[in-house]
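I opened this one to look at a pocket, some ring pairs and one glutamine. My notes follow in the order I looked things up.

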Amino acid sequence: MFGKKNKVPEWANQLKEKEFLAFMAAVQDYFSTADRPFTIDDGMVRFLDDDSSLGLANPMQICAQNDIADYPEIISYHFDLMREADAFRAKFAELEADFEAVKSYLGVRLYPQEYISFAGENSLICRHFTGELFSVLVWDFPTAIETVQASQVEKWNVSEAELFAIGAENVNNNYAFEIATIAATDDVDLYVIETEHFFAANILLDLDAHPELVKEGGAIVAVPLRNLALIYPISDINVARALTPIFAHTTNMYAAGPGALTQEVYWYHDGQFESLNYTATGK
C-alpha cells in the first residue's frame with residue numbers, strides 16, 4: 001500500500017537500488033584489504049585509527065555512468081590513484097621550499113565560489129574570474145590536483161602575477177584542448193571541448209586565441225564540468241535557438257557529474273563575461 005522503502009541514500013541518488021548495493025559491496029571489498037579499521041557512513045569512508053576520511057561521491061558518479069560489472073575496477077582505480085598521490089606528496093614536501101625545483105608542477109584551474117568559501121579564500125592563491133568562478137593556483141601532480149596554499153608561496157619571494165603566468169603556461173604546454181561539434185538542434189551546432197584531464201574550463205582564460213569560437217557577437221559559453229566546456233560563437237540570430245539546448249545541457253551535465261563546476265552560462269563579448277539568467281530545470 002505504501003510502496004517499497006527506498007534504500008538508496010540521497011548522496012547516491014544517481015544509482016538504483018541494485019547498483020547502489022553493488023557499489024557499496026565494491027567499496028567494502030576494496031578497503032577490507034587495507035588492514036585498517038574503517039566504517040562507511042553518509043557517503044564517507046572513515047578510518048578509525050587516525051580519524052581521516054575519503055569521500056565516495058565522485059566514484060559513485062562515475063559508476064552511475066557504467067555497468068555494474070565495472071564497479072570494482074572503477075573503485076580500485078580511483079582509490080589507488082589517491083594512494084599514489086599520498087606517496088608522491090610525501091616526497092614532494094622535501095622539495096617544496098625550492099621554487100625552481102617545483103615550479104613545473106604549478107597550474108591554474110577554475111573553481112566555483114562554493115569551493116573557495118569551503119577552503120577559505122585567505123588560505124588560497126586565487127583571483128575572481130567571473131560570476132561564481134575563481135581562477136586558483138594549483139599543484140598539478142602526476143595523479144592528483146591540489147590547491148597551492150598561501151603559506152607555501154611565502155617561501156618563494158615570487159609575485160602572484162608571475163605565479164599565475166607560470167601556472168597558465170604550464171597547463172597550455174602540458175594539455176591538449178581538442179575542439180569538436182555536436183548538433184544542438186537540426187540547424188544549430190555547439191562546439192564542445194571534452195578532455196581526459198581536469199582543465200577543460202581553462203579555455204575560458206584565453207578564448208580570443210581561438211577565433212573559430214568567438215565571432216562578431218562574441219560567444220555563449222558554459223563549463224558545467226571540470227573536463228567539459230560548451231561554446232556557441234555568435235554570428236547571427238541563430239543564437240536564440242542555441243540558448244535553450246545550452247541551458248539544458250549545462251543543467252543536466254552539472255547534475256550528473258562527476259566534477260561539477262558551475263551551472264552558470266555566460267555571454268562573452270568585448271573581452272568580458274556576463275552571466276545569463278535562466279532557470280535550471282534539466283530534463
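Before the pocket entry, I wrote down what counts: a pocket is an open set of grid points with protein on both sides within 12 Å along at least five of seven lines. Its volume is the space filled by probe spheres set on the points. I also noted that this is a predicted model.

**Pocket.** I looked up the second largest pocket and got a volume of about 330 Å³. I then asked which residues lie nearest its centre. Of the 16 lining residues, these are V108, A168, N202, L205 and D206. For the elements, I found that β5 (126–130) and α7 (160–174) each supply at least two residues of the lining. Helix α7 gives the most, with 4 residues.

**Aromatic pairs.** A reminder to myself: two numbers describe a ring pair, the distance of the centres and the angle of the planes. I counted 23 aromatic pairs. One of them is F31 with F38, tilted, at 6.0 Å centre to centre and 55° between the planes. I checked burial for F31 and F38, and both are buried.

Next I took F88 and F92. Stacked or tilted? Their ring centres are 6.0 Å apart and the planes meet at 25°, so I logged the pair as stacked, the cut-off being under 30 degrees. Both residues sit in helix α3 (residues 71–92), 4 residues apart, about one turn of the helix. Their exposure I looked up separately: F88 has 23% relative accessibility and counts as partly exposed, while F92 is buried at 4%. I also followed the ring pairs outward and found F88, F92, F99, Y105, W139, F141 and W156 linked into a cluster.

**Charges over rings.** I found R36 over the face of F47, 4.0 Å from the ring centre. I also have R127 over the face of F164, at 4.4 Å from the ring centre.

**Q152.** I placed Q152 in helix α6 (residues 150–153). Buried or exposed? Its relative accessibility is 11%, so I put Q152 down as buried, the limit being under 20%. What does the side chain of Q152 make a polar contact with? I found the side chain of E96, at 2.8 Å. Leaving out residues up to four places away in sequence, Q152 touches E96, W139 and T147. I had already met W139 in the ring cluster.

Technical notes: Residues numbered from 1 in each chain as written. Predicted model: local features only at pLDDT ≥ 70, side-chain atom pairs only at ≥ 80, totals over all residues. Heavy atoms only, no water. Buried < 20%, exposed > 50% of the residue type's maximum accessible area, 1.4 Å probe, protein only. Polar contact = N/O pair within 3.5 Å; in protein donor to acceptor, adjacent residues only side chain to side chain. Contact = heavy atoms within 4.5 Å. Phe/Tyr/Trp six-rings, centres within 6.5 Å; stacked < 30°, edge-to-face > 60°. Lys NZ or Arg CZ within 6 Å of the ring centre and 35° of its normal. 1 Å grid on protein atoms, 1.4 Å probe; cavity = no way out; pocket = protein on both sides within 12 Å on 5 of 7 lines; lining within 4 Å.
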